Amino acid sequence: MRTSRKITVALACPEDAWPHPDWPAPDDPYVGRVVPLDVAADVVILYRDDPSEAVRELPATDIPAIVISPCRDTEAIVEVFRGGAGYLVEGDYCTCMLSSAVVGATVGHVYLSPAACSALREGARRLPTGGEALERLRELLSPRERQIMELLSTGLGAQEIGLRLRLSEKTVRNNLSNIYAKLDARGSTDAVLRWLGAAPVLRA
């Protein structure tokens, strides 16, 4: 992705708690500066011990948001994700991944770090017959559609998925339309929650 202007990130974080004082690096090609929450920005990062606090603070505007927290609770992650924000588990990402999540947020991608994905999957396994129900759901998809869902669940968009799988963006989007129909999902967020087995958590 090329941009003529570097991204400005508004950071909400307890004083002296932010673990990346040198981020963004001067040579970061996309992220330019970090500003306080009350300054206009392209993306908001909420660094909170309790994700439910972050959910209450999510911008009411269309500004994309990312929540960073040590919490790995499945329901907390689902709540944040359903609120439209990405979720990075503290210690589960590097600053390059953080920059990627910020760039993705500006084009509508909702990023989950690997530990966040794992927490959602583990929560699904703990549900009564959760594993069986999830397997039945996944069997609805073709092998190619499963590949696409695995990549979509990490926050990649159609263009990036196409590059990874050597498919055109149009082909990926056609596959996504079929996936949404098969999973009875309203869109990418709903599809990812169903794919990871997290959707039943809210209905249990």
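**Fold, pocket and local backbone features**

Among contacts between residues at least 6 apart in sequence, 61% link residues that sit at least 24 apart along the protein. The model is a predicted one, and its secondary structure adds up to 10 helices and five strands. Measures of overall shape come next. The C-alpha trace spans about 45 × 40 × 30 Å along the principal axes. For 204 residues, a compact globule would be expected to have a radius of gyration near 17 Å, and the protein agrees because its own value is 17 Å. As for cover, 48% of the 204 residues count as buried. The surface left exposed comes to about 10600 Å², and 50% of that is supplied by carbon and sulfur atoms.

Then there is the matter of open space. The largest pocket holds about 670 Å³. It is lined by 30 residues, and those closest to its centre are Gly 104, Val 107, His 109, Gly 157 and Glu 160. Four elements give two or more residues each to this lining: helix 3 (95–106), helix 7 (158–165), helix 8 (169–183) and helix 9 (188–195). Helix 3 puts in the largest share, with six residues. Sorted by class, the lining of the largest pocket is made up of 17 nonpolar, 10 polar and three charged residues.

Helix 9, one of the pocket-lining elements, is mostly covered, with six of its eight residues buried. Those buried residues are Asp 190, Ala 191, Val 192, Leu 193, Arg 194 and Trp 195, so the list takes in charged side chains such as Asp 190 and Arg 194 along with nonpolar ones. Just past the end of helix 9, Gly 197 adopts a positive phi of about 80 degrees.

On the strand side, Ser 69 is worth a look. This serine belongs to strand 4, which covers residues 65–69. Ser 69 counts as buried because its relative accessibility is 0%, where the cut-off for buried is under 20%. Leaving aside residues up to four places away in sequence, Ser 69 touches Arg 48, Asp 49, Asp 50 and Pro 51, and also Tyr 87, Leu 88, Val 89 and Glu 90. Cys 94 lies 25 residues from Ser 69 in sequence, and the C-alpha atoms of the two are 14 Å apart in space.

A few backbone details turn up in the loops. In the loop between strand 1 (7–12) and strand 2 (31–36) sits Pro 24, and the peptide bond joining Trp 23 to Pro 24 is cis, with omega at about 0 degrees. Asp 16 is found in the loop between strand 1 and strand 2 as well. Its phi is near 65 degrees, a positive value in a residue other than glycine. With a relative accessible area of 77%, Asp 16 is exposed, since exposed means over 50%.

Another aspartate, Asp 184, has a positive phi of about 55 degrees even though it is not a glycine. Asp 184 lies in the loop between helix 8 and helix 9, two elements that contribute to the lining of the largest pocket. At a relative accessible area of 58%, Asp 184 is exposed.

Technical notes: Residues numbered from 1 in each chain as written. Predicted model: local features only at pLDDT ≥ 70, side-chain atom pairs only at ≥ 80, totals over all residues. Heavy atoms only, no water. 1 Å grid on protein atoms, 1.4 Å probe; cavity = no way out; pocket = protein on both sides within 12 Å on 5 of 7 lines; lining within 4 Å. Points joined across faces, edges and corners; volume = space filled by probe spheres on them. Rg over C-alpha atoms; globule rule 2.2 N^0.38 Å. Buried < 20%, exposed > 50% of the residue type's maximum accessible area, 1.4 Å probe, protein only. Contact = heavy atoms within 4.5 Å. Areas by Shrake-Rupley, 256 points an atom, 1.4 Å probe, with all protein chains shown as cover.
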